[in-house]
Amino acid sequence: GTGDGDPMADSEGGTETQGEGTTESGSTGATTDTGEGPGPGEPALWRRSFPGAWANGVAYDGASDSVYVTGWEVSTDETADIWIARLDAAGGISWSTTVPGNGGRDEGYAVAVAPDGDVVVMGTLWIGEDAEHASCDDPNFGCPQFTAAWMGQFSPQGDLEWSNEKAIGEASVVEGRAVAFDGSGDAIVAAAIDPPSDGGVW
């Protein structure tokens, strides 16, 4: 797995909560129900909603029969924090946690389970804005935003073991979009970048 080191340096953070549909940023009322599946006559085993959160990525861990979901959640100051939750086979919440950011919009985009059971999230961390840019005076555009790719590893119990952010060259926007593990347990990641000219992939 990735427990022996962070492919990108080290930092710590994150807030964790246990229990039904409550995270430290204040979102409550998550519900589970059953209903129509993806096709006619195909019932869903369960459905889960998280008010105040938006899901971007999902991964299944066959060893523990668990589902991991990542995305973002509205925080108490009306910004957005990276969010990840673990659900059991019946749709119950094993844990739900957020990673406090820098006061902008942070998002988890992808999640993958390592061979050793650790969980890696790839996402985006807001850094700031270009307050001197000409578009700041335009109400239709506003100031350009700066973001960095964010990667963090969580234990199966929801503890943030390490995290790091990565800017790329002169790119103003870097969004961590994908993560997967190869046969040896190494993580492979990808990001979308928007340098001063055309966008690209890293």
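**Legends for an all-strand chain, close up**

**View 1. How much of the chain is tucked away.** Of the 202 residues in the protein chain, 45% count as buried. Keep in mind that this is a predicted model. On the outside, the protein chain exposes about 10,100 Å², and carbon and sulfur atoms supply 51% of that area.

**View 2. Strands from end to end.** What does the secondary structure of the protein chain come to? The tally is 0 helices and 14 strands. Walk along the sequence and you meet the pattern β-β-β-β-β-β-β-β-β-β-β-β-β-β. As for who touches whom, take the contacts between residues at least 6 apart in sequence: 49% of them join residues at least 24 apart.

**View 3. Asp65, in a loop between strands.** Here we zoom in on Asp65, which sits in the loop between β4 (53–61) and β5 (66–74). Its phi is near 55°, a positive value in a residue other than glycine. For background, most residues other than glycine have a negative phi. Is Asp65 buried, exposed or partly exposed? Asp65 counts as partly exposed because its relative accessibility is 36%, and that class lies between the under 20% of buried and the over 50% of exposed.

**View 4. Confidence, and the stretch at residues 1–28.** The mean pLDDT of the protein chain is 78, with 69% of its residues at 70 or more. Over residues 1–28, though, the pLDDT is below 50. Leaving aside near neighbours in sequence, this stretch still has 80 contacts in the model.

Key
Residues are numbered from 1 along each chain as its sequence is written. This is a predicted model: local features need pLDDT of at least 70, side-chain atom pairs count only at pLDDT 80 or more; totals for chains, interfaces and linings use all residues. Side-chain values use heavy atoms; hydrogens and water are left out. Helices (H or I, at least four residues) and strands (E, at least two) are DSSP runs, numbered from the N terminus. Buried means under 20% relative accessible area, exposed over 50%, partly exposed in between (1.4 Å probe, protein chains only). pLDDT is the predictor's confidence in each residue, from 0 to 100. Contact means heavy atoms within 4.5 Å. Accessible areas come from the Shrake-Rupley method with a 1.4 Å probe; for residues, only the protein chains shown count as cover.
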